Amino acid sequence: MQQVFSIPKSMKKDFKYTFCPGCDHGIAIRLVAEVIDELGIREDIISSTSVGCSVFLYDFLDIDCVEAPHGRALASATGVKRARPDKFVFTYSGDGDFASIGLAESMHTALRGECISSICINNTTYGMTGGQLGPTTLLGQKTTTSPTGRNVDYYGYPIKIAEHIALCDGTAYSARVALDTIPHINQAKQAIKKAFQVQLDGLGFGFVEILSSCPTNWHMTPEDAHKRVREEMIPVFPLGVFKEVSKDGN
Amino acid sequence: MGKIVIDDSRCKSCYICTMTCPKGLIKKSSKTNRLGDYMVEFNDEKGECIACAMCAKRCPDLAIEVYK
């Protein structure tokens, strides 16, 4: 019999994910590894990792990484890319890292049009630290720091990251995808590939926001968590490509 | 006809695969892992598996290998 689905070659040998059961980080990291395999760029990669659950990327992917302070993944990545423009540089971070503490760094990296690819996992909460209110927490969502639910008067509105990044002139690709169904997982892989390809083509900043579930901090089963992504998150954070610059400049 | 192999050391019993398989061939088993969670088992007596790999694509822990 022929093997039709196996673990990507870019993943470390005998790794075991340390995420909670049902966490979508595992699928997101697999998609990144598959794209790296398909583009054949593993030897040229320097990744800049964040702080949060996403930091474990370097435990599972067999690539070179530098660790950045909280929120400064793209600031470090800018330095790496400018020092070594021949290398492929990408960041992998969560919404708290990318869009709260690191919003200035993220936004200005896109505005400068750095040839860097960036992936942001949006699970509407701070997962590693115990489920506090994050920048993307939905209105009405109960977290440990908003026990009565997020209300506009006190906490304001959630940020729509992919739309904001798409407004930056230096951005070459900005999309939002989800991981709740097989078609969405396939779309997510295509989006990650395009965000990587714009860097290889030297077009500018490539960005993908991935809607992900956090069953532990949402206090749900994995299947209910995916249902919440479908029914509550996607209406607020619509999926789609918000900016795409092609090689001929359109 | 296909088959899958589930790596019990990777599986964390999230049961996403049991709800994903279109033929319902993956089920909760009576065996438990070291944390006491019921593990999953693949049972395909009639040879219904077509190796669509939907279980493997949705497995968050990459515990499933698919053969055809």
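Reader: Let's start in chain A: which residue in β8(A) does Arg176(A) stand opposite?

Author: Arg176(A) stands opposite Gly240(A) in β8(A). Before going on: this is a predicted model, where local features need pLDDT of at least 70 and side-chain atom pairs count only at pLDDT 80 or more, while totals for chains, interfaces and linings use all residues. Residues are numbered from 1 along each chain as its sequence is written, and chains are lettered from A and ligands numbered from 1 in the order in which they are written.

Reader: What makes β6(A) and β8(A) a pair, and in which sense do they run?

Author: Two strands pair if DSSP finds at least two bridges between them. Strand β6 (residues 171–178) of chain A has four bridges to strand β8 (residues 240–244) of chain A, and they run antiparallel. Four bridges satisfy the rule, so this is a pair. By the way, strands here are DSSP runs of E with at least two residues, helices are H or I runs with at least four, and both are numbered from the N terminus.

Reader: How many bridges join β6(A) to β7(A)?

Author: Seven, and here the two strands run parallel, with β7 covering residues 205–211 of chain A. Within β7(A), Val208(A) is the bridge partner of Ala175(A).

Reader: What makes the unit of β6(A), α8(A) and β7(A) right-handed?

Author: Point the strands away from you: a crossover is right-handed if the path from the first strand over the helix to the second runs clockwise. The β-α-β unit of β6(A), helix α8 (residues 182–200) and β7(A) is assigned that hand.

Reader: Why is β6(A) called mostly covered?

Author: A residue is buried if 20 or more other C-beta atoms lie within 10 Å of its own, exposed if 12 or fewer, and partly exposed in between, with C-beta atoms placed from the backbone. Eight of the eight residues in β6(A) are buried, so "mostly covered" fits. In chain A as a whole, buried residues make up 52% of the 250 residues.

Reader: How do you know that chain A agrees with a compact globule?

Author: Take the radius of gyration over C-alpha atoms and compare it with the globule rule, 2.2 Å times the number of residues to the power 0.38. For 250 residues a compact globule would come out near 18 Å, and chain A has 17 Å, which agrees. This chain has ten helices and eight strands.

Reader: And what makes chain B compact?

Author: Chain B follows the pattern β-α-β-β-α-β along its sequence. Its radius of gyration is 11 Å, close to the 11 Å that the rule gives for 68 residues, so chain B is as compact as a globular protein of that length. Buried residues make up 34% of those 68.

Reader: Why does Ser13(B) count as buried?

Author: Ser13(B) has 21 C-beta neighbours inside 10 Å, so it counts as buried. The residue sits in the loop between β1 (3–6) and α1 of chain B, and has a positive phi of about 60° although it is not a glycine.

Reader: What about Leu62(B): why is that one buried?

Author: Leu62(B) has 24 C-beta neighbours inside 10 Å, so buried is the right word. Its phi is positive too, about 55°, and again the residue is not a glycine. You'll find Leu62(B) in the loop between α2 and β4 of chain B.

Reader: Now the two chains: how many residues does each give to the contact?

Author: Chain B gives 20 and chain A gives 20, where two residues are in contact if their C-beta atoms, placed from the backbone, lie within 7 Å. On the chain B side, α1 (16–20), α2 (54–58) and β4 (64–67) give two or more residues, and α2(B) gives the most, with four.

Reader: What makes β1(A) and β4(B) a pair?

Author: Strand β1 (residues 3–5) of chain A and β4(B) share two bridges in the antiparallel sense. Gln3(A) has Tyr67(B) in β4(B) as its bridge partner.

Reader: How confident is the predictor in the complex and in chain B?

Author: The complex gets an ipTM of 0.94 and a pTM of 0.95. Chain B averages a pLDDT of 92, with 100% of the residues at 70 or above; pLDDT is the predictor's confidence in each residue, from 0 to 100.
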